[in-house]
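Reader: I would like to learn how to read surface patches and backbone angles in a model. Please take me through one.

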Amino acid sequence: MATRVVTAPLNQKRTWWERTYLGEVIRGMSITISHFVKNIVGMRHDRVGDTYQWPETPKPLFENYRGEHRLMHRPDGTPRCVACNCCATACPADCIHITGADTGHDGVEKYPIAFDIDILQCVYCGFCVEACPCDAIRMDTGKITSAYFEGPIKILDIDYLMDNHPAGKSPTSEAIY
């Protein structure tokens, strides 16, 4: 199917109204004013977002917000992690480093000596939580990570991760493993 190019004649005379672009300016202003009026009416009917006075009143977070990581405990207080490295393997940012050791008894084969998360490299994707077969790591603390201005010094170690439990949430996992 062929198309045809149509060009307007260059010597076409425009009227005074078209040369001033006054019609287009009025049309643009009418659109702007209509949006302004809709927003003002929407504020009266609580359809516009709320304003939070941030340091005093933090914005409420969603239930599924992925905050800082935490490690779950067993009922005896030891870490639930068995140092299988599934979370480190699933991590796309390669920010989880686990060093495991043998426990010496039959109940649990390994436990982590070191469990480090470099928070400056973490992308908070949640793949580590999904990959963990024994529900040892979670991201439900509700803590918003602060901004840091220096190099790789913000590493969450096993001691921090074991004590990073939000108020009202149990540090002991309910999983059957």
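Author: What follows covers a nonpolar patch and then two loop residues. This is a predicted model, in which local features need pLDDT of at least 70, side-chain atom pairs count only at pLDDT 80 or more, and totals for chains, interfaces and linings use all residues. Residues are numbered from 1 along each chain as its sequence is written, and side-chain values use heavy atoms, with hydrogens and water left out.

Reader: Which residues form the nonpolar patch on the surface?

Author: A patch is made of residues with over 30% relative accessible area and no salt bridge, and nonpolar side chains (Val, Leu, Ile, Met, Phe, Trp, Tyr) are joined within 5 Å. A salt bridge is a side-chain nitrogen of Lys or Arg within 4 Å of a carboxyl oxygen of Asp or Glu. Here the members include Trp16, Trp17, Tyr21, Phe36 and Val37, and the whole patch has about 1,200 Å² of accessible area (Shrake-Rupley method, 1.4 Å probe).

Reader: Which element gives the largest share of the nonpolar patch?

Author: Helices are DSSP runs (H or I, at least four residues), and strands are runs of E (at least two). Helix α2 gives the largest share, 9 residues. Val37 is in α2.

Reader: Is Val37 buried or exposed?

Author: Buried means under 20% relative accessible area, exposed over 50%, and partly exposed in between (1.4 Å probe, protein chains only). Val37, at 44%, is partly exposed.

Reader: Where does Asp94 lie?

Author: Asp94 lies in the loop between α3 (86-90) and β2 (96-102). Its phi is positive, near 55°, in a residue other than glycine. Asp94 is partly exposed at 48% relative accessibility.

Reader: What is the phi of Asp135?

Author: Asp135 has a positive phi of about 55° and is not a glycine. Asp135 sits in the loop between α4 (127-131) and β4 (137-138), and is partly exposed at 23%.

Note on methods. Patch = residues over 30% accessible without salt bridge, like charges linked within 9 Å, V, L, I, M, F, W, Y side chains within 5 Å.
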